Amino acid sequence: MADQNVRGRFVWHELMTPNPDGAHEFYGAVLGWKKQPWELDPSYLMFTAPSGPLGAALEKPDGSPQWVPYISTDDIDGTVDAARRLGARVDTPPTPVPSGGKYAVLADPQGGLFGVYQSTTPTPDAAPQPGDFSWHELASTTDPLEAFRFYSELFGWQEVSRTDMGAMGVYLIFGYDGTRLGGIFNRGQMGRPGPAYWLGYVSVQDLDGTIEKAKAARGSVLMGPMEVPGGDRVAQLMDPHGALFALHWPAAAAAAAPEAEAAQAPSRERMEPASGRAADKKAAVAKKKAKAASAKRGKKTAAKKATKKTAKKPAKKAAKKTTKKTTKKAARRPAAKAGKRTARKAAKKKTARKAKKATRKAGKKTARRTKAKAARRKASGGPKARATRKKRR
């Protein structure tokens, strides 16, 4: 777990889901989080942002998939006892972890799950970076002021401001020492049915692009994107397994000059009116124009590639056809030569057969003539008989 010993700060986030592997794949594709085994327990797989580990996914086959935020305390036993007295339910009593700290899981009087964590190693607070949780919102089921009193008693949170949202009631922003942490409101007919729940907002540099990634990864957009007081933009989503989460694009961070960002750490993103609203709008317009120009260049490049490809096709086809014809002709030549040789041989054989047949026929005819002549001679009595007949005459 992330070490943090300052009371009342959000220091860790656990995702209760029926599919931890699928959750790591989804949030990795959408937010760029990496999967990292905890060195003290490799079976505990953490979500790691560029700033470091910020949470983990735990398998929960039954129940409602949800993110559970952990809030730091310097006295976990005292905090759990106080929560029980104020009407909270203790799901997991204070339990030691290998790092030496302790954690517990509770449900507030309206049913909202949260955890408490006590660390043995003090670390300084840090402003959220892109990829970190930057805002925490409690969707209460009854009175947000009553919910705030419960958490204020446990963690010393202070009321920063209230905004009247008309029919939706009051939106109360809380924090400590001037640092705004989140808000509490009565969800009414909005949001998930059932008990209250915490909704964590992740800071992103490109809200619209991140939403498209979530859609491509089978996530759902429940609300937004929309602008909130101060120029920030937000959207609420649901992952493929049913857990709610939100995105936060801070206008103040986008409007800050690169030199100022390099010179000092960025301020904590806030969801309240900002002093440089005009500059924020200019930055947003400039960003939109740059995005449109980039898209236009991309279309031109695609058109050129398509034209080249189209021009190449007939040439390729013709070349292929010519090659095919040449190959066929080359294949025919030896066959034609061989055919001619075979024909000549066959003609010679035929002529020889005819000559032989004619010779045999002539021989037979001669033999018949000779035989007939001999027969006639025999019939006439031979030479002496002919001589005697002559004398008689």
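A residue is called buried here when its relative accessible area is under 20%, exposed when that area is over 50%, and partly exposed in between, as found with a 1.4 Å probe on protein chains only. The structure is a predicted model, in which local features need pLDDT of at least 70 and side-chain atom pairs count only at pLDDT 80 or more, while totals for chains, interfaces and linings use all residues. Residues are numbered from 1 along each chain as its sequence is written, and side-chain values use heavy atoms, with hydrogens and water left out.

The protein chain has 393 residues, of which buried residues make up 35%. Its secondary structure comes to eight helices and 16 strands; helices (H or I, at least four residues) and strands (E, at least two) are DSSP runs, numbered from the N terminus. A contact is a pair of heavy atoms within 4.5 Å. Among contacts between residues at least 6 apart in sequence, 62% join residues at least 24 apart.

The description turns next to an open sheet of eight strands, whose order is E10-E11-E12-E9-E13-E16-E15-E14 and whose pairing is mixed. Two strands count as paired if DSSP finds at least two bridges between them. Strand E10 (158-164) and strand E14 (220-227) are the edge strands, each pairing on one side only. On average, neighbouring strands of the sheet are turned by 25° against each other, direction ignored. Such angles run from 0 to 180 degrees between N-to-C directions, and the axes are lines fitted to C-alpha atoms, for helices over the stretch in contact. Strands of a sheet pair through backbone hydrogen bonds, either parallel or antiparallel.

From the edge strand E14, five bridges lead to strand E15 (residues 233-238), and these two strands run antiparallel. Within this pairing, Glu 227 has Arg 233 of E15 as its bridge partner. E15 in turn pairs with E16 in the antiparallel sense over six bridges, and Val 234 stands opposite His 248 in E16. E15 and E16 form a hairpin with five residues between them, and Gly 242 in the turn has a positive phi of about 105°. On the way to E13 the sense changes: three bridges join E13 to E16, and the two run parallel. Here Val 202 has Leu 247 of E16 as its bridge partner.

Strand E16 (residues 244-249) is mostly covered, with six of its six residues buried. In a regular strand the side chains alternate between the two faces of the sheet. In E16 both faces are covered: Leu 244, Ala 246 and His 248 are buried on one side, and Phe 245, Leu 247 and Trp 249 are buried on the other.

A helix accompanies part of this sheet. Helix H3 (residues 144-155) lies across strand E9 (133-140), E10, strand E11 (170-176), strand E12 (179-186) and strand E13 (197-203), and runs at about 140° to E12.

The interior also holds empty space. A cavity is a set of points, on a 1 Å grid over the protein atoms alone, where a 1.4 Å probe fits but cannot get out; its lining residues have an atom within 4 Å of a point. Grid points are joined across faces, edges and corners, and a volume is the space filled by probe spheres set on the points. By this rule there are two cavities of 30 Å³ or more.

The largest cavity holds about 50 Å³ of space. Its lining consists of Pro 65, Gln 66, Trp 67, Arg 192, Tyr 197, Trp 198, Leu 199 and Leu 244. Strand E5 (66-72) and E13 are the elements that give two or more residues to this lining, and E13 provides the largest share, three residues. The lining divides into six nonpolar, one polar and one charged residue, where Ala, Val, Leu, Ile, Met, Phe, Trp, Tyr, Cys and Pro count as nonpolar, Asp, Glu, Lys and Arg as charged, and the others, Gly among them, as polar.

The second largest cavity has a volume of about 40 Å³ and is lined by His 13, Trp 67, Pro 69, Phe 133, Trp 198, Leu 199 and Gly 200. For this lining too, E5 and E13 are the elements that give two or more residues.

Elsewhere in the chain, strand E2 (residues 34-38) and strand E3 (residues 41-49) run antiparallel, joined by five bridges, and a hairpin connects them through two residues.

Methods:
1 Å grid on protein atoms, 1.4 Å probe; cavity = no way out; pocket = protein on both sides within 12 Å on 5 of 7 lines; lining within 4 Å.
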